[in-house]
Amino acid sequence: MVSSRIRRAAAGTVIGLLALGCGQPEPGAAADSAARARKILRVAYNREIDVLNAFTSQMLIDIHLSMVEGLITTDENNTYVPVLAKQIPTEENGLVVRNEDGTIDMTWELQENVRWHDGEKFTSADVCFTWAFVTSDGSETYNRDHYLGIIDCQMPDEHTVVMRWDDAYGFYAGLFEAILPKHVLGNMTTREIINYVPYNRGTETIGTGPFRFAEWKSGEYIRVVRNDDYWRGPQYPRIDEIVWSFVPDSNARLNAMRTGRYDYGQIEPTQVSEVADLTDYDTHLVTSNRFMHLDLGVNTERGRRLFADANVRRAIFHAIDRQAIAEGLMQGTVQVAHTPINPANPYHNPEVPIHAYDPQLSAELLDQAGWRLASDGVRSKGDVRFSFTLLNRAGDRERIAIAQVIQAQLKAIGIEATFETMESAAWTQRWRSGEWEAIVAGWFLSADPGVTNLYACAGANNMTGLCDPLLDAVMERSDRRIDFAARKPLLDTVQVLLAEGARTLPIYYAVTPEVVSKRVVNFRGSGTNFGSFWNLYEWDLRQ
Amino acid sequence: MRDAGYYTPVSAFIGRRLLLMVPLLLGISVVIFAVIQAAPGGPEGALLETGRFIDPQVIENYRQRLGVDQPIHVQYFRWLSAALTGDLGVSFSTTRPVAEMIGERLPATLELMATSFVLAAMLAVGIGILSAVKQHTPIDYLATGASFVGVAMPVFWFALLLQLLFSVRLGWLPVAGTETVGATSMWDHLQHLILPAAVLSFRNIAGWSRYLRASLVGALRSDYVRTARAKGLPERAVVGVHALRNALIPLVSIMALNLADLFSGAVITETIFAWPGIGRLFVQAMFARDYPLLMGILLMGSVMVVFFNLVADVVYGVLDPRIRYE
């Protein structure tokens, strides 16, 4: 029964059928690859993904990027690097030109000799088609608003794209992480593309990447095979096949890695000590662009009374021992954060004011603000007790554990924090509504360091209700700079203002422990939202 | 309607019950739909879960495409009118037809559940008889003790222990999935089946053997068993023919009711062993607030429960001819 199901799933694609001759080399593979054993990379993956369209998937798109490529990706240094583009346009290399009317022309020179998996030529028309799709009405690309500054997309020739922007935007280099094939999807409406199962599910998922889609067995795995016609040359990719097996339970994934049957798997930070004895594996603590933080909100009546005063927020931040959270709770796997921007990112400012753990100072600040210790051990001011609710997401052990530490440490300075725990989707809804007093949460930033969206008074993701017009002005300016030298000092100031204003308490930069077999060559883990598989084309497996 | 001397034939009984299923299932669908919608948060939560910044307009577009911006009754009647034509809609997260998604997960769930069911039934009957016949002996105490452990032990914990022993320590069995990708042998597939089936059956063995022990102990004390013994029947026939047949009635009806589980899968076991069944699909659908997929799975589960209730009633009558259908 099982094998008949496999056959049916694969029947739609020639690739799938060919690949079913398991253990046999792909027809057309280089002669030498026939001589040696197939190199199969086996990955224990966290979850089953939703769709293979990189612009409509609601999940991280690392599996996608093995098959589909974009103009850019991010490397292990959180820096954008070109993929289908020959280089990233800048003013220095003359590919970014300011027009008199304030618009900007940005020229992308594309790699030549690139072919889609079905043999069609990859051209500038595909890039402009992707732009049109992402910006269309009804588009569901999460950062669609970032693309809206592009007002025109021109194709002077097959390998050149000129994008005209209505203004300068700092994040321009982080767009187009994938390109859609115009010859497959070009005749459809936006909604038809979003709902187009053959592209979403693999049978027509055509990319330019080092691997081609082979098989998606529902609930079990996605399998991709070597693209023999890869544009970087016949030496790439070096692996014949990748199998992403979905192992959703983190303890089971740990056990799976310990059996030695997989080459790659992500585990929880608290499990790191349990893989220390695996001699055939390295554990890479890849600092992710996700930063854990404590937010205090002033949208509710109680929130306003307690947290509107920046000195009170400061007092709370000084009462929390983040080093203890990093060392104790997270077993020293994470690095304490003082700013949202990751140290791996060139825009990180190491000189921001630090809310050091200092309960004495906390107490003084609270006393000065008029919050006096009452007989029940909780501070109060007038008839208001200093008591608030921390909103927790059920099942998120990491965040709840942090919340418990915070609760205990605040109690020590006379502040009472109670918990309200909600199931994931309910928590998200409540969080988005802004109707809460405090939360521990994690943002996942792209490699672009812009945080305007998070902290501007009218930022779509500012759920705290806190607002600082000066900060807004600096962030707005930083968003309009496209060269590093001009943008960096502005973003440095932004990070300082965030810390001085006690807008949020960054706790630590989350790490993703990635357990990688010593057989794997060229693993260069990246913590951005494009993940660690960004350079799969050069990965190899020692035999 | 109780009418002495008049009994409905089994076929009419079954027919009437089947007809009653229609309004019952309609009612169930309303309740499920309402409950799903009543849960706070919507499918757009999936967009926000990764912690990326989301363009608010995109959330609006998403809700519009899925139709969740409409009033609940509109959504329900839209769903119902499609469902009546056999169309269970498309999944929010994968854009694929719900019926297809359920259909491709069903074989794995059926295989796992049926294996564990048969395994559990065989062992439970054996253990149940043994501990009833050898009541108050060390064998009975051992079986009783093991049963309590089996019922009390959390499934996820037991599953992880088995993984640690048989997969990590001994290296005999795989941790996850239904096959080693690339291997085509039946043995490879069976190796994958052993641990999840063992975990699932353990609990049932424990529960069912206790049921059988209790009812068999009762039966062995009854008058007709004493009569059977008195007329000189061998002990094997007394237990096997006279006592066991009656003692099986409660167990069989419980097992028939449990048959519905064959289709709904096992949420925890399937998740831990990465078994691609309905239970795991349900968990995914729940977290994603994938309303059509949730409706499809829950409705299928309801149909099975209602159906196997009927089966249980019929089986009851077969085992005990004194029971009459009305």
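In chain B of this predicted model, helix α4 is followed by B:Gly86, a residue whose phi is positive, near 90°. The helix that precedes this glycine, α4 of chain B, covers residues 72-84 and has 13 residues. From its first C-alpha to its last, α4(B) reaches 18 Å, which is close to the 18 Å expected at 1.5 Å a residue.

**Chain B as a whole**

Chain B holds 14 helices and 0 strands, so that, by the way such runs are assigned, its pattern along the sequence reads α-α-α-α-α-α-α-α-α-α-α-α-α-α. Its C-alpha atoms fill a box of roughly 85 × 65 × 35 Å when this is taken along the principal axes. Of the 326 residues of chain B, 34% count as buried. Among the contacts in chain B that link residues at least 6 apart in sequence, 72% join residues at least 24 apart.

The confidence values for chain B have a mean pLDDT of 85, with 96% of the residues reaching 70 or more. Over residues 1-5 of chain B, however, the pLDDT is below 50, and beyond near neighbours in sequence this stretch has 2 contacts in the model. Where pLDDT is low, the predicted coordinates should not be read in detail. The model itself scores ipTM 0.85 and pTM 0.85.

**The contact between the chains**

The contact between chain A and chain B takes 59 residues from chain A and 54 residues from chain B. On the side of chain B that touches chain A, the elements that give two or more residues are α2 (45-48), α3 (56-66), α5 (98-133), α7 (155-169), α12 (267-272) and α13 (278-288) of chain B. The largest share of this side, 6 residues, comes from α3(B). By residue type, the side of chain B that touches chain A divides into 25 nonpolar, 19 polar and 10 charged residues.

One residue of chain A that has contacts in both chains is A:Ser424, which is found in helix α16 (residues 424-433) of chain A. Leaving aside its neighbours within four places in sequence, A:Ser424 is in contact with A:Arg393, A:Ala394 and A:Gly395, as well as with B:Gly45 and B:Phe287. Is A:Ser424 buried or exposed? With 19 other C-beta atoms within 10 Å, A:Ser424 counts as partly exposed, because a residue is buried if 20 or more such atoms lie within that distance. The C-alpha atom of A:Ser424 is separated by 32 Å from that of A:Phe213, and the two residues are 211 residues apart along the chain.

**Strand pairing in chain A**

The strand pairs of chain A considered here are set out below, each with a residue and its partner.

| Strand pair (chain A) | Sense | Bridges | Opposed residues |
|---|---|---|---|
| β17 (387-393) and β18 (416-422) | parallel | 7 bridges | A:Asn392 and A:Thr421 |
| β17 and β19 (438-444) | parallel | 2 bridges | A:Leu390 and A:Ala438 |
| β12 (281-296) and β19 | antiparallel | 7 bridges | A:His293 and A:Ala441 |
| β15 (379-381) and β16 (384-385) | antiparallel | 2 bridges | A:Ser380 and A:Arg385 |

Strands β17(A) and β18(A) pair in the parallel sense; the chain crosses from β17(A) through helix α15 (residues 397-412) of chain A to β18(A), and this β-α-β crossover is right-handed.

Strand β19(A) pairs in the parallel sense with β17(A), whereas β12(A) and β19(A) run antiparallel. This strand, β19(A), is mostly covered, in that 5 of its 7 residues are buried. In a regular strand the side chains alternate between the two faces of the sheet.

An open sheet of chain A is formed by 3 strands in the order β14-β15-β16, and its pairing is antiparallel. Why is one side of β14(A) and of β16(A) left without a neighbour in the sheet? Both β14 (372-373) and β16 (384-385) of chain A stand at the edges, each with a single partner strand, and therefore one side of each is left without a neighbour.

Notes
Residues are numbered from 1 along each chain as its sequence is written. Chains are lettered from A and ligands numbered from 1 in the order in which they are written. This is a predicted model: local features need pLDDT of at least 70, side-chain atom pairs count only at pLDDT 80 or more; totals for chains, interfaces and linings use all residues. Two strands pair if DSSP finds at least two bridges between them. Helices (H or I, at least four residues) and strands (E, at least two) are DSSP runs, numbered from the N terminus. A crossover is right-handed if, with the strands pointing away from the viewer, the path from the first strand over the helix to the second runs clockwise. Two residues are in contact if their C-beta atoms, placed from the backbone, lie within 7 Å. Ala, Val, Leu, Ile, Met, Phe, Trp, Tyr, Cys and Pro count as nonpolar, Asp, Glu, Lys and Arg as charged, and the others, Gly among them, as polar. The expected span of a helix is 1.5 Å times one less than its number of residues. pLDDT is the predictor's confidence in each residue, from 0 to 100. A residue is buried if 20 or more other C-beta atoms lie within 10 Å of its own, exposed if 12 or fewer, and partly exposed in between; C-beta atoms are placed from the backbone.
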